[in-house]
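Here is a short report on one protein chain and the packing of its helices. Look at the structure first, then read on.

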Amino acid sequence: MYNGIGLTTPRGSGTNGHVQRNVAFVRPGKKDNINYRTEDDLAKLDAQSNRQPNQGILDHERKRKIEVKCAELEEVLESQGLSQDEVRAKVELYRTKLMDHGTMELPKDEFGRLLRGTVASEAL
């Protein structure tokens, strides 16, 4: 006998004592217990899905784009044959200009996302 199921001993029962599960038994369960979501649950789920973007991630993305533009400018200036000091000075000036420009508000839609129609590079 295992877990209280079956014969304590198969001796004298005319069987070998092997216990099988009854697969024809229909368990009461999941189909009968339907949990509908209430308005409060739906409002809570909606609030979780529409959370504000992380400002640190947005700042990092902006700085990364600025660094890419600075690297492109540096390549162009080096290909023009300028000295390292001149290239470094012009790139640093361009970087500070881009950093200062990024502080102004860019147009956003009703959800706080940047609008695609106005590209930040066009504004520079």
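## The α2/α3 interface

On the α2 side, Arg62, Lys63, Ile66, Glu67, Lys69, Cys70, Leu73, Glu74, Leu77 and Glu78 make contacts with α3, where the partners are Gln84, Val87, Lys90, Val91, Tyr94, Arg95, Leu98 and Met99. The model is a predicted one.

How are two packed helices described? By the angle between their axes and the distance between the axes. For α2 and α3 the angle is about 150°, and the axes lie 9 Å apart. An angle over 145 degrees counts as roughly antiparallel, so α2 is roughly antiparallel to α3. Their crossing is right-handed.

Which residues of α2 are buried? They are Ile66, Cys70 and Leu77. The cover over the buried residues of α2 includes α3, residues 84-101. Ile66, Cys70 and Leu77 also appear among the α2 residues that meet α3. An α-helix has 3.6 residues a turn, so residues three or four places apart point the same way.

## Helix α2 from end to end

Helix α2 covers residues 55-79, 25 residues in total. What span should it have? At 1.5 Å a residue, the expected value is 36 Å. The end C-alpha atoms are 36 Å apart, so the model agrees with the expectation.

Asn54 caps the N-terminal end of α2. A side-chain oxygen of Asn54 lies 3.0 Å from the backbone nitrogen of Gly56. Just after α2 comes Gly81, with a positive phi of about 90°.

## Two partly exposed residues

Glu72 lies in helix α2. Leu7 lies in the segment before α1, which is residues 39-49. Are Glu72 and Leu7 buried or exposed? Glu72 is partly exposed, because its relative accessible area of 46% falls between the cut-offs of 20% and 50%. Leu7, at 40%, is partly exposed too.

Each of these residues has a C-alpha separation to a residue further along the chain:

| Pair | Separation in sequence | C-alpha to C-alpha distance |
|---|---|---|
| Leu7 and Val19 | twelve residues | 8.7 Å |
| Glu72 and Val91 | 19 residues | 9.6 Å |

Val91 is also one of the α3 residues that meet α2.

## The chain as a whole

How many helices and strands does the protein chain have? The count is four helices and zero strands. From the N terminus on, the order is α-α-α-α.

The protein chain has 124 residues, of which 6% count as buried. Now take the contacts in the chain with a separation of 6 or more. Residues 24 or more positions apart account for 30% of these contacts.

Notes
Residues numbered from 1 in each chain as written. Predicted model: local features only at pLDDT ≥ 70, side-chain atom pairs only at ≥ 80, totals over all residues. Heavy atoms only, no water. Helix = DSSP H or I, 4+ residues; strand = E, 2+ residues; numbered from the N terminus. Expected span 1.5 Å × (residues − 1). Buried < 20%, exposed > 50% of the residue type's maximum accessible area, 1.4 Å probe, protein only. Contact = heavy atoms within 4.5 Å. Polar contact = N/O pair within 3.5 Å; in protein donor to acceptor, adjacent residues only side chain to side chain. Axes fitted to C-alpha atoms, helices over the stretch in contact; angles between N-to-C directions. Parallel < 35°, antiparallel > 145°, perpendicular 65-115°, else oblique. Left-handed = near helix turned anticlockwise from the far one by under 90°.
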